[in-house]
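Please read this note with the model open beside it. It is written for someone meeting the structure without background.

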Protein chains: 4
Amino acid sequence: MSDKPKRHLDPQLAEARRAQVINAASDCFRRKGYHAAGMAEISKTAGMSAGHIYNYFDSKEAIIEAIIERDKEEMFSVFNGFLEQPGDLLQIMVDGADDGVEKHLDLERSALELEMLSEAARNEKVAALLAQSDTQARALMKQLMQSERSQIRHLPEHELDARIAVMFSMITGLTMRRVLHPELDKDTILLALNPVLKTLLTP
Amino acid sequence: MSDKPKRHLDPQLAEARRAQVINAASDCFRRKGYHAAGMAEISKTAGMSAGHIYNYFDSKEAIIEAIIERDKEEMFSVFNGFLEQPGDLLQIMVDGADDGVEKHLDLERSALELEMLSEAARNEKVAALLAQSDTQARALMKQLMQSERSQIRHLPEHELDARIAVMFSMITGLTMRRVLHPELDKDTILLALNPVLKTLLTP
Amino acid sequence: MSDKPKRHLDPQLAEARRAQVINAASDCFRRKGYHAAGMAEISKTAGMSAGHIYNYFDSKEAIIEAIIERDKEEMFSVFNGFLEQPGDLLQIMVDGADDGVEKHLDLERSALELEMLSEAARNEKVAALLAQSDTQARALMKQLMQSERSQIRHLPEHELDARIAVMFSMITGLTMRRVLHPELDKDTILLALNPVLKTLLTP
Amino acid sequence: MSDKPKRHLDPQLAEARRAQVINAASDCFRRKGYHAAGMAEISKTAGMSAGHIYNYFDSKEAIIEAIIERDKEEMFSVFNGFLEQPGDLLQIMVDGADDGVEKHLDLERSALELEMLSEAARNEKVAALLAQSDTQARALMKQLMQSERSQIRHLPEHELDARIAVMFSMITGLTMRRVLHPELDKDTILLALNPVLKTLLTP
DNA sequence: CATGAATGAGGCTTCATTCAT
DNA sequence: GATGAATGAAGCCTCATTCAT
């Protein structure tokens, strides 16, 4: 598939450059969307010539793939935070919802997530990466649900899977909501979200 | 704004042609995305020359706007179906969820909805149309929730708004879910969705 | 060249239709220019379907050719007016200049004349028609200059040709002037034009 | 207005490229006219890809504007030549007319000037640039007429303005004349032009 | 390693012209 | 005679990608 392994003499510098590009592209995609953000803008934001970016990424598409990879890692740390936190799972989630809703209501974040999903609908590689990320997130969530601190640790797996699917749907949906309904505020959401979380996290 | 009202002598033919284009464009946007689908492909799919499309639509953008309008009308009839249906609202929604989840899990439908949301994130006109459609949908939902057949008709408005926001988030989220998690099936979802609906539709 | 003689059953009607189109196109070209005026607009202005115009003219180009032909005839009558007028030629021309300058300062008229000259620079047929019209105008002018009422009727022909060339240049130039210098008014022009006319029309 | 200043690292190269495009476009506009000359042809003539032209010009319109600017500068140097030349103004102009008429009779030059005027009749920006150029030319001419070497330096300004308008009309008109009357030669024109110049440049 | 000049395919849109009715 | 729906070539412009330096 890739004929050009593109070895770099200084792997550390290379990694730094890749990060520069990923961050810059991330910003640009957020602001303008994947299609509307041009390589020219990305290169300017990254402080690097357009041509040089191709020494680190095979294509614009490869950049969005790298962003997904990075976001997956961010997601891991969020879940790890939950895993390490003491106390009842329901309480953790309800507390986390406060921050989480705020974060997911961020309009620019929505835009980027939408771009990626949208791209996934027709780009197999992107779809595979996102699906993989989602699978791992669900696995981590299930692990949480089966931990000692969970009131539903004894429910059958299939039941847990169902609850996770619905819970994740809700989170994704909240992210999208902002596009359609920008005046919606965090507190309103929490008013209805908390009872739903309770439904999903208690037997 | 538009100097060319472009009256058509045979309004029926004109409407048929518009529908041809809207359907063709829907397909193309689903398959390739709004940006990637070219007018050439749309025109071929519609069985009509590219130039001729411009006798019915001012621009490619006008086509996606028409699609949104069409979908809005479809949404109205779904709600009207609910409004005319007898019986307890919770029961209606739980029954409706059966069909609804199936419909929303349809991968092609998801792709098109994603395209539109995605476009909305940076196209104000599209955003406005979708927001308007969403506002009306929420109003209809509130009307349902305040009808005699609803167990929560006496809750404060703000509470109803919150529940609606979360409920709609979940529906949108389910639509997106399919992209990330294609092996998810309807019955699994209903397993967890029904209790959540109950939570949202009872005091 | 023309395979389709296009005989019309009712030649009078046909001529009326041609005139309709010529007048409409004349207006449109004046307002928008030859290229910018579309057949759609011309047909609307003419009160006739676009397709039907092609029963009377082979192409858009044929229309501008017909306009030139019409204008040539207008030009004839102006000269005929001069020929029939009594009195000294210089006086006639000085008097005529008053009206003429006004007419030639008309901005829309300039636009149409410019369009035609511009088209002539690359369309042989148009060039030929305009040249023919110009040749006849110069011949008529020479006839005037050689008439009894002219003070310069005994100058050698070559001298007359030269004066005509310069005089016609000035008229064309005044027409164009309006585009570059719109605030220029008739009286200012006459102030300098009359002495020049005198120079050209006296020995 | 323009978000992309498009700085070029090597300003000399950039200027050379701009000149390449300007020259190529001049040729194409002459031959085919502004509208009929396509970017494809211009790019081929310039020996440069069509896309690359847009690194130096924002649009096709910007190219014609640059041509106007270039011609304005040429015009300045002609006037500066006159200003620096010693001797009586009338003599200078009569001598200048010899070269000037030749230059203005050049068919290709005419074609381009016609294109620009023609475009000015419906493109405000082009009209403004040409008008500005013309205004400056008239100012320079007035300066000449008011210099010591002029026999008419004491005439009232309004009288000078009038003479300038008529003189410039004549020059523009001569340029156009060639299109209608190609067999006209320089000597014939001078025969009548010199007395007119004398009329305009003496009290 | 790094640049940005250069390419060229492809995008949306317009419009003179044709033709079935 | 008359219509206007339909065509399709051509137009201007954008942008991911390459390559000489």
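The numbered points below cover the model, its chains, its DNA strands and some helices.

1. Basis. This is a predicted model, in which local features need pLDDT of at least 70 and side-chain atom pairs count only at pLDDT 80 or more, while totals for chains, interfaces and linings use all residues. Residues are numbered from 1 along each chain as its sequence is written, chains are lettered from A and ligands numbered from 1 in the order in which they are written, and side-chain values use heavy atoms, with hydrogens and water left out.

2. Chains C and D. A turn of 178° with a shift of 0.0 Å along the axis lays chain D on chain C, at an RMSD of 0.7 Å. That is how a two-fold axis relates copies. The same surface serves both: 96% of the contact residues of chain D recur in chain C. The superposition is by least squares on the C-alpha atoms of residues with pLDDT of at least 70 in both copies. Contact means heavy atoms within 4.5 Å.

3. Chains that stay apart. Chain A and chain D share no contact, and their closest C-alpha atoms lie 10 Å apart. Chain B and chain D do not touch either. Their nearest C-alpha atoms are 18 Å apart.

4. A residue between C and D. Which residues does D:Ser118 contact, leaving aside its neighbours within four places in sequence? They are C:Leu114, C:Glu115 and C:Ser118. D:Ser118 lies in helix α6 (residues 107-120) of chain D. Helices are DSSP runs (H or I, at least four residues), and strands are too (E, at least two), numbered from the N terminus. D:Ser118 is buried, with a relative accessible area of 4%. Buried means under 20% relative accessible area, exposed over 50%, and partly exposed in between (1.4 Å probe, protein chains only).

5. Helix α6 in chain A. This helix, residues 107-120, has 14 residues. From first C-alpha to last it reaches 20 Å, close to the 20 Å expected at 1.5 Å a residue. The expected span is 1.5 Å times one less than the number of residues. α6(A) is mostly covered, with 10 of its 14 residues buried. Among them are A:Leu112, A:Leu114, A:Met116 and A:Leu117. A:Ser118 is also one of the buried residues.

6. Helix α7 in chain A. Residues 124-145 form this helix of 22 residues. It reaches 31 Å, close to the 32 Å expected. At its start, a side-chain oxygen of A:Asn123 comes to within 3.0 Å of the backbone nitrogen of A:Lys125.

7. DNA strand E. 30 residues surround this strand. The closest are B:Tyr54, B:Lys60, D:Leu9, D:Arg17 and D:His52. A residue counts as near if one of its heavy atoms lies within 4 Å of the strand. Of the strand E atoms within 4 Å of the protein, 69% belong to sugar or phosphate and the rest to bases. A polar side-chain atom of B:Lys60 is 2.5 Å from a phosphate oxygen of strand E. For a backbone N or O atom of D:Ser49, the distance to a phosphate oxygen is 2.7 Å. α3 (50-53) of chain A and α3 (50-53) of chain D give two or more residues to the surface near this strand.

8. DNA strand F. Which of the 30 residues around DNA strand F come nearest? They are B:Leu9, B:Arg17, B:His52, D:Tyr54 and D:Lys60. Sugar or phosphate accounts for 71% of the strand F atoms within 4 Å of the protein, and bases for the rest. A polar side-chain atom of D:Lys60 lies 2.5 Å from a phosphate oxygen of strand F. A polar side-chain atom of C:His8 lies 3.5 Å from one. Near this strand, α3 (50-53) of chain B and α3 (50-53) of chain C each supply at least two surface residues.

9. One residue of α3. Is B:Gly51 buried or exposed? B:Gly51 is exposed, with a relative accessible area of 52%. It lies in helix α3 of chain B. Its C-alpha atom is 15 Å from that of B:Ala62, 11 residues apart along the chain.

10. Record annotations. An unreviewed UniProt entry lists residues 38-57 of chain A as "DNA-binding region". That span is 60% helix and 0% strand, with its end C-alpha atoms 15 Å apart. UniProt also gives "domain: HTH tetR-type" (unreviewed entry) for residues 15-75 of chain A. Here the span is 75% helix and 0% strand, and the end C-alpha atoms lie 21 Å apart. UniProt positions follow the numbering used here, feature names are shortened, and annotations may be inferred rather than shown by experiment.

Conventions:
Polar contact = N/O pair within 3.5 Å; in protein donor to acceptor, adjacent residues only side chain to side chain.
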